[in-house]
Amino acid sequence: MSEALSAILQYGFETIGIQYVIAEVMLENIASKKLLQKLGFHQGKWIQYGFWEGQYHDLEQFVAV
């Protein structure tokens with residue numbers, strides 16, 4: 001997954017010219033958070049940002065520029 005996402009990001013930034021990428025991750029999804037951090041994403045937290053299954057959930061937001 002690391003190689004695939006790295007290639008996608010490289011293509012997006014270098015070929016298409018996107019400015020940033022945002023990924024939203026549930027707090028308990030440790031593997032995804034580690035992958036994003038490994039790829040240079042910066043972390044922030046949204047409190048009660050997502051709503052599903054009848055309740056609000058906290059999400060962490062990661063941004064790559």
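Here is a short chat about a predicted model of one protein chain.

Visitor: Let's get oriented. In what order do the elements run from the N terminus on?

Guide: We're looking at a predicted model, so keep that in mind as we go. The protein chain has 2 helices and 3 strands. Its C-alpha atoms fill a box of roughly 40 × 20 × 20 Å along the principal axes. Read from the N terminus on, the elements go α-β-α-β-β.

Visitor: And the strands, what order do they take in the sheet?

Guide: Start with the pairings: 6 bridges join β1 to β3, and 8 bridges join β2 to β3. Both pairs run antiparallel. The sheet is open, and its order is β1-β3-β2.

Visitor: Which strands stand at the edges?

Guide: With the order β1-β3-β2, look for strands that have a single partner. Such a strand has one side left without a neighbour in the sheet. That describes β1 and β2 (42-52).

Visitor: By how much are neighbouring strands turned against each other on average?

Guide: Take the strands of this open, antiparallel sheet and ignore their direction. The average turn between neighbours is then 30°.

Visitor: Which residues make up the largest nonpolar core?

Guide: Nonpolar side chains tend to be buried together in soluble globular proteins. Here the largest such core has 7 residues, with β1 (21-26) and β3 (55-64) each supplying at least two of them. The full set is L9, A23, V25, L36, F41, F62 and A64.

Visitor: Pick A23 from that set. Which residue in β3 stands opposite A23?

Guide: Skip the neighbours within four places in sequence, and A23 is in contact with L36, F41, E60, Q61 and F62. L36, F41 and F62 are also listed in the core. The one standing opposite A23 in β3 is F62.

Visitor: Is A64 buried or exposed?

Guide: A64 lies in strand β3, and leaving out residues up to four places away, it touches F13, Q19, Y20, V21 and F41. Its relative accessible area is 5%, and the cut-off for buried is under 20%. So A64 is buried.

Visitor: What separates the C-alpha atoms of A64 and M1?

Guide: Along the chain, A64 and M1 are 63 residues apart. In space, their C-alpha atoms are separated by 16 Å.

Visitor: On to α2. What arc do its buried residues cover around the axis?

Guide: Helix α2 (residues 30-38) has K33, L35 and L36 as its buried residues. They sit on the same side of α2, because the arc they cover is only 160°.

Visitor: Which exposed residues are on the face turned away from that buried side?

Guide: The buried residues of α2 pack against α1 (2-16), β1 and β3. Turn to the face away from them and you find the exposed A31, K34 and K38.

Visitor: Which residue just after α2 takes a positive phi?

Guide: Look just past the end of α2, where the phi is about 95°. The residue is G40.

Visitor: And in the hairpin of β2 and β3, which residue takes a positive phi?

Guide: That hairpin has 2 residues between its strands. Over in the paired strands, the bridge partner of H42 in β3 is V63. The phi in the hairpin is near 55°, and the residue is E53.

Key. Residues numbered from 1 in each chain as written. Predicted model: local features only at pLDDT ≥ 70, side-chain atom pairs only at ≥ 80, totals over all residues. Heavy atoms only, no water. Core = buried A, V, L, I, M, F, W, Y, C linked by side-chain atoms within 4.5 Å. Buried < 20%, exposed > 50% of the residue type's maximum accessible area, 1.4 Å probe, protein only. Helix = DSSP H or I, 4+ residues; strand = E, 2+ residues; numbered from the N terminus. Contact = heavy atoms within 4.5 Å. Pairing = 2+ DSSP bridges. Axes fitted to C-alpha atoms, helices over the stretch in contact; angles between N-to-C directions. Arc of directions from axis to C-beta.
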